[in-house]
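This report looks at salt bridges. Where do they sit, and what do they connect?

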Amino acid sequence: MPSVGTSPARADAVAKVSGTALYPGDINRPGQLHLKLLFARRPHAVIRALDTSRAEALPGVVAVFTAKDVPVNEYGLILPDQPVLCGPGSANAGADRVRFVGDQVALVVAESEVLAAYARDLIRVEYEDLPVVSDARQAIEPESPLLFPEKGTNVFCSYRIRKGDAVAALRQADVVVEGEYHTPLQEHAYLQPEAGLAYIDDQGRITVVVAGQWTHEDQEQIAHSLGLPRDQVRVIYPAIGGAFGGREDMSVQIVLALAAWRLHQRGISRPVKTVWSREESIIGHHKRHVFHFRTRWGATRTGRLMAAEVDIIQDGGAYAYTSTKVLGNATLMCTGPYEIPNVAVDSRSVYTNNLPGGAFRGFGGPQGLFVAETQMNKLAERLGIDPVEIRQRNLLTEGALLSVGTPLPPGISLQQVLEACAERSGWKRSASGWMRPPARQPEPRPGRNVRRGKGFACGFKNVGFSFGAPEKCWATVELRGATEIEEVTVRHAGAEVGQGAHTAMAQMAAEALGLPLEKVHLVVSDTAETDDSGSASASRMTFMAGNAILGAAQQALAKWKAEERPAVARFVYRPPATTPYAPDTGQSMPNFAYGYVAESAEVEVNTDTGEVRVLNVVCANDVGRAINPQQVEGQIEGAIVQAHGYALLENFVMKDGQVLTPHLSTYLIPTALDIPGHVESLILEHPDPQGPFGARGMGEMPYLPYTPAVIAAVREATGVWFDEFPLTAERVLRGLGKLD
Ligand code: MOS
């Protein structure tokens, strides 16, 4: 009865389809109060005074909390640089400033949501505005205003890679392609905006029911800000309506816990609930980072890469969030999956008064790979070499050194994904290399000037935490029964964010134990029931959870055979260690595993209207082993649709630190009418030597090559290279010289 490699219905499918699944916003407890947040709504200011008296005097208002109520008024996943609440009276220096429009200033707790919102609007805040820094390229200038004057600079992270001598090699190259690229913000736009409920549980723990990506990290950050030991805080995830990196950082977690705990101290032990509106969600959580790149790549006449030089400025927004890690990934990915003997990369993260940048599917990979793959497509064109062929000549192979001076771990399948995608997309291979006939153009029709093109890109995506970040994953397996195993309980903290992780975990447990899936029962996503399994991010959950569950299952089986009843085993999986960038050279072992991908896109551009339609996508993914092929296909299609929004539609507009597109009526995400006409998902299974059943991670990978493939296709259709996107009709017409 194999489980791995089959596609049983998802464990949560019926509840989600029938509407019985409870998301945080659906959960209510008797006697609950309602919390509303006062957001700063101004990008840079000092709060001189805060008057909450009118709000507090309103009947039905139970409490108003401000900075002075926060025991340790700082938090942050990587650096604790963000106040929980901004305002005077805080022991933490710098907490009296607001640095972006979504900074949180006060909490109102009232008998109803309407009352809480009404009272919030009665709070008077006296702001003294400060100069706004809204462009990261200006923020690095010495005369720029500083967000954190005590730091003396807006630059909060920088990396430097030096391999060989890029400057000398660029002088010797037969051809050099220069480029300047800008990548846009993107909103996660998960179906379910932030929401949650906090209460004191029967053991006196402050319990927060919320949607996140890492229960134990939420617990840690809440405990830190409240100045409490971890075990006094409990975090539970019910159904989660999407995450994509957008729930990696705190939103409602700390303020909910703070309110419930402070009320409890005043003798009011009532649950506190909050639900953000879509607008609050859009200004209240981080976005995909804006990046600015300048680069030069050099190659021989035969298309062998000689050198790449890349300069990167990342707009971190007002607080660090995961910027430093996202920058690390972009710094590695910006030279693509190629063997390049000479590389120089300089990168920096910069504070501005924009919305914070943070984790979003691909984690810096999409930005870095857009640059690498567009540079490759331009080099191919310049040299008159087919774009697949030029990649063929430069792909990283076993033992070849990355820019950081170490090889990829064994099991590289770039060649296989390239071949699979190219062949399926119409390329032919002969003695002279890969070739594709030019796109067939539609018959011209009066009033409908459309041109077609096809583009290609490939890439890789790390699996798991990078650059020395501690990486481990916990699981237990319990076997119950008398003579035969009747029931299996798997405990694991991993978040089911909608990707199907829990179904895949149950399948892997069943397979490891040789039992039918129905016998496996999961206890998940509750810090009181499980230990730390790490986050649902970095394409890591199948790989990490699978290895942890496999380890626990094997030990539990051994105990079962030794007649232990119940047979219980705990296992913590630790992958091979990674190391951080060395300061001057970038030398490192960045990651312990990767997945590989190649993608083609065929587009049709209406040169009168500027509309770009994507007709066909072929996406070849080496997933190592498809634990659940249908879910793998779902991830591929979902990633492509999300990348389609990024490449073509989603035009997030900020001006002077203010968001001009705070609704889904102005920030347009793809609908069924916009998405690619046809997506062909090719699933390759070249096992990762360390993956559970050979599985690699794959949730982010198909997203990465989409934008450069579409941009190359638009180039073939129109003759124009777009170095900035999204390719809205306006941008396309401007590129075609049809708008002033
Ligand atoms: Mo994801 S961007 O690794 O949460």
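A salt bridge here is a side-chain nitrogen of Lys or Arg within 4 Å of a carboxyl oxygen of Asp or Glu. The model is predicted. A search of the whole structure finds 46 such bridges. Three pairs are set out below.

| Pair | N to O distance | Residues apart in sequence |
|---|---|---|
| R120 and E280 | 3.7 Å | 160 residues |
| E187 and K287 | 2.9 Å | 100 residues |
| R234 and D201 | 3.0 Å | 33 residues |

**R120 and E280.** Their side chains meet in a salt bridge. The pair links distant parts of the chain: R120 belongs to helix α3 (residues 113-120) and E280 to helix α8 (residues 278-284). R120 and E280 are both buried. The two also belong to a network of salt bridges that includes K36, E113 and D121.

**E187 and K287.** These side chains form a salt bridge too. E187 lies in the loop between β8 (175-183) and β9 (195-200), and K287 in strand β13 (residues 287-288), so the pair ties together parts that are 100 residues apart in sequence. Buried means under 20% relative accessible area. E187 has 1% relative accessibility, so E187 counts as buried. K287, at 0%, is therefore buried as well.

**R234 and D201.** R234 forms a salt bridge with D201. R234 sits in strand β11 (residues 233-236), while D201 is in the loop between β9 and β10 (206-210). This pair, too, links distant parts of the chain. Is R234 buried or exposed? R234 counts as buried, because its relative accessibility is 14%. D201 has a relative accessible area of 9%, so D201 is buried.

Conventions:
Residues are numbered from 1 along each chain as its sequence is written. This is a predicted model: local features need pLDDT of at least 70, side-chain atom pairs count only at pLDDT 80 or more; totals for chains, interfaces and linings use all residues. Side-chain values use heavy atoms; hydrogens and water are left out. Helices (H or I, at least four residues) and strands (E, at least two) are DSSP runs, numbered from the N terminus. Buried means under 20% relative accessible area, exposed over 50%, partly exposed in between (1.4 Å probe, protein chains only).
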